[in-house]
Amino acid sequence: MLGRRDTAALLALLDQDPVANIFTRSQLALHRSAVPDGFAHLLGINGEDGLESACWVGANIAPTAMSNEHARAYAQYALDTRQRFASVFGPAQTVLAMCEVLATGPQDFFDVRENQPMMSIRRRSEAVAIRSLRVATLQDFDLVLPASAAMFEEELGYSPLENGGGYYRSRVRQLIREGHTLIDTDEYGEIIFKADLGTVTTAAVQIQGVWISPRYRGQGMSAGYMAATVAYALRFAPTVSLYVNDFNQAAIRSYERVGFEQVGTFATILF
């Protein structure tokens, strides 16, 4: 388990790939230490030259890129804690190596998404941005929450608002409060498009929660909205990234039109 004295080494490791490691890097910035608040913790494996790999273990597991041997060791540790997890996400080779071990544990897999193109862009898009996209305010919460929940349900097959959804509501409110949710509405005040800057560091931003209302799909609007989202995200960091399921070919084509290029492959295990 990493301690405060490991913070500098962990920072150097994560900054080798600020796009792939954005989640753990954001946690390091938040807690200003390799020892996060709460029950989550960070594990590491040292080699001859110092810290070789690291893994966030909390409600979710987020490994850095590492050898398959290290990946299996972290997965075995996770099983030994007898903790329950919501997901594992990260570089595909690492996550799939973990999958071999986690499959022997008590939690059943809800889904394993083995091929999620990780894409990034470092400049304003040449696509024509839709200028009506704006930063949501807390007054928009009652509009944003249903759109966010609809995106989540389409992605995972169940509503995040079941049993009250207290944590999910707090997360939506937090993103709005931080100025990290973008929306556009139609003449009736209904949301056309929504996107979140789900994770933000000084090196990279990861776009999450992209959703367009079903009534506006198929009209070629997504590229313009994403171009506007990229322009806004570039105010926070020089690189804008996202990852997408390989079966969502329409979204991938739209991101490519905006100028995103694939820079890696993620995988996700959902429990």
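# Exercises on salt bridges, helix packing and single residues

The structure holds seven salt bridges. The model is a predicted one.

## Exercise 1. A salt bridge between a loop and a helix

Determine which parts of the chain are tied together by the salt bridge of aspartate 15 and arginine 25.

**Solution.**

Step 1. The side chains of these two residues, aspartate 15 and arginine 25, form a salt bridge with an N to O distance of 2.9 Å.

Step 2. Aspartate 15 belongs to the loop between helix H1 (7-14) and helix H2 (22-31), while arginine 25 belongs to helix H2, so the pair ties together parts that are ten residues apart in sequence.

Step 3. The accessibility of each partner can then be classified. Aspartate 15 has a relative accessible area of 37% and is partly exposed. Arginine 25, with a relative accessible area of 17%, is buried, because buried means under 20%.

## Exercise 2. The packing of H1 and H2

Describe how H1 and H2 pack, and state which residues of the two helices meet.

**Solution.**

Step 1. Two packed helices are described by the angle between their axes and the distance between the axes.

Step 2. For H1 and H2 the angle is about 150° and the axes are 10 Å apart.

Step 3. The crossing in which H1 passes H2 is left-handed.

Step 4. On the H1 side the residues in contact are Thr7, Leu10, Leu11 and Leu14; on the H2 side they are Thr24, Arg25 and Leu28. Sorted by class, this contact has four nonpolar, two polar and one charged residues.

## Exercise 3. Two further salt bridges and a network

For the salt bridge of arginine 134 and aspartate 140, decide whether each residue is buried or partly exposed. Then locate the salt bridge of glutamate 154 and arginine 217 along the chain.

**Solution.**

Step 1. The side chains of arginine 134 and aspartate 140 meet at 2.9 Å, N to O, in a salt bridge.

Step 2. Arginine 134 has 33% relative accessibility and counts as partly exposed. Aspartate 140 has 9% relative accessibility and counts as buried.

Step 3. In the second pair, the side chains of glutamate 154 and arginine 217 form a salt bridge of 3.0 Å, N to O. Glutamate 154 is part of helix H5 (residues 141-156), and arginine 217 sits in the loop between strand S9 (204-212) and helix H7 (222-233), so this pair ties together parts that are 63 residues apart in sequence.

Step 4. Glutamate 154, at 48% relative accessibility, counts as partly exposed. Arginine 217 is partly exposed as well, with a relative accessible area of 36%.

Step 5. A network of salt bridges is also present, linking Asp111, Arg113 and Glu155.

## Exercise 4. The surroundings of serine 148

State where serine 148 is found, and which residues serine 148 touches.

**Solution.**

Step 1. Serine 148 is in helix H5.

Step 2. Its relative accessible area is 3%, and serine 148 is therefore buried, the cut-off being under 20%.

Step 3. Leaving aside residues up to four places away in sequence, serine 148 is in contact with Tyr168, Val172 and Lys194.

Step 4. Valine 210 is 62 residues apart from serine 148 along the chain, and the C-alpha atoms of the two are separated by 8.6 Å.

## Exercise 5. The crossing of H7 and H8

Decide how H7 and H8 are oriented to each other.

**Solution.**

Step 1. The axes of H7 and helix H8 (residues 249-258) cross at roughly 55° and come within 9 Å.

Step 2. This angle is neither under 35 degrees, nor over 145, nor from 65 to 115. H7 and H8 are therefore oblique to each other.

Step 3. H7 passes H8 in a crossing that is right-handed.

Step 4. From H7, the residues Ser222, Ala223, Met226, Ala227 and Val230 meet Ser254, Tyr255, Arg257 and Val258 of H8. The classes in this contact are six nonpolar, two polar and one charged residues.

## Exercise 6. Positive phi values

Give the phi values and places of arginine 32 and asparagine 163.

**Solution.**

Step 1. Arginine 32, a residue other than glycine, has a positive phi near 55°. Arginine 32 lies in the loop between H2 and strand S1 (41-47) and is exposed, with a relative accessible area of 75%.

Step 2. Asparagine 163 is not a glycine either, and its phi is positive at about 60°. Its place is the loop between H5 and helix H6 (166-177); at 84% relative accessibility, asparagine 163 counts as exposed.

Technical notes: Residues are numbered from 1 along each chain as its sequence is written. This is a predicted model: local features need pLDDT of at least 70, side-chain atom pairs count only at pLDDT 80 or more; totals for chains, interfaces and linings use all residues. Side-chain values use heavy atoms; hydrogens and water are left out. A salt bridge is a side-chain nitrogen of Lys or Arg within 4 Å of a carboxyl oxygen of Asp or Glu. Helices (H or I, at least four residues) and strands (E, at least two) are DSSP runs, numbered from the N terminus. Buried means under 20% relative accessible area, exposed over 50%, partly exposed in between (1.4 Å probe, protein chains only). Contact means heavy atoms within 4.5 Å. Axes are lines fitted to C-alpha atoms, for helices over the stretch in contact, and angles run from 0 to 180 degrees between N-to-C directions. A crossing is left-handed if the near helix is turned anticlockwise from the far one by less than a right angle, and right-handed if clockwise. Ala, Val, Leu, Ile, Met, Phe, Trp, Tyr, Cys and Pro count as nonpolar, Asp, Glu, Lys and Arg as charged, and the others, Gly among them, as polar.
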